[in-house]
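Please work through the following exercises with the model at hand. Each task is followed by a stepwise solution.

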Amino acid sequence: MQDVTIHITDREGEKHKVLAPTDMAMNLMEVIKSYELAPEGTIGICGGMAMCASCQCYVLSKHDLDVKGDEEDAMLSEAFDVKESSRLSCQIPITAKLNELEIELAPES
């Protein structure tokens, strides 16, 4: 499978169905940016290094994601509007197991 389908609800509540390539070593934040689903400069401010929480999202589906790393866990512990389902989208690599993933972008802090 080359592309996976991901369902993303943006910060205005609009739902988007996007295709994400599994063969380009992208992460979810990069997909969000490539589809311009958040205003420029409001997501991925640290460049995907898990050093800000601007790319925080809520995972709505029951996908088996990789376990949060220490850096991601630490950043989420300091972020606003954190929920149990919160993840940093920069720390979610695009793989075939993400097909039909559903997420919602967290509010801009």
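**Exercise 1.** Along strand E5 (residues 101–105), which side chains point to one face and which to the other?

*Solution.* This is a predicted model, in which local features need pLDDT of at least 70, side-chain atom pairs count only at pLDDT 80 or more, and totals for chains, interfaces and linings use all residues. Residues are numbered from 1 along each chain as its sequence is written, and side-chain values use heavy atoms, with hydrogens and water left out.

Step 1. Strands are DSSP runs (E, at least two residues), numbered from the N terminus.

Step 2. Leu101, Ile103 and Leu105 point to one face of E5 and are buried (under 20% relative accessible area, 1.4 Å probe, protein chains only). Glu102 and Glu104 point to the other face and are not buried.

Step 3. Such a pattern has a general basis, because side chains in a regular strand alternate between the two faces of the sheet.

**Exercise 2.** Identify the pairing of E5 with E1 and with E3.

*Solution.* Step 1. Pairing requires at least two bridges found by DSSP between two strands.

Step 2. E1 (residues 3–9) pairs with E5 in the parallel sense over 4 bridges; here Leu101 of E5 is the bridge partner of Ile6.

Step 3. E3 (residues 56–59) pairs with E5 in the antiparallel sense over 3 bridges, and Ile103 of E5 is the bridge partner of Val59.

**Exercise 3.** Why do Cys52 and Cys90 form no disulfide with the closest cysteine?

*Solution.* Step 1. A disulfide is a pair of cysteine sulfur atoms within 2.5 Å; the structure holds 0.

Step 2. The closest cysteine sulfur to that of Cys52 belongs to Cys46, at 3.7 Å, which is too far for a bond. Cys52 is buried, at 15% relative accessibility.

Step 3. For Cys90, the closest cysteine sulfur lies in Cys55 at 3.8 Å, again too far for a bond. Cys90 is buried, with a relative accessible area of 6%.

Notes. Buried means under 20% relative accessible area, exposed over 50%, partly exposed in between (1.4 Å probe, protein chains only).
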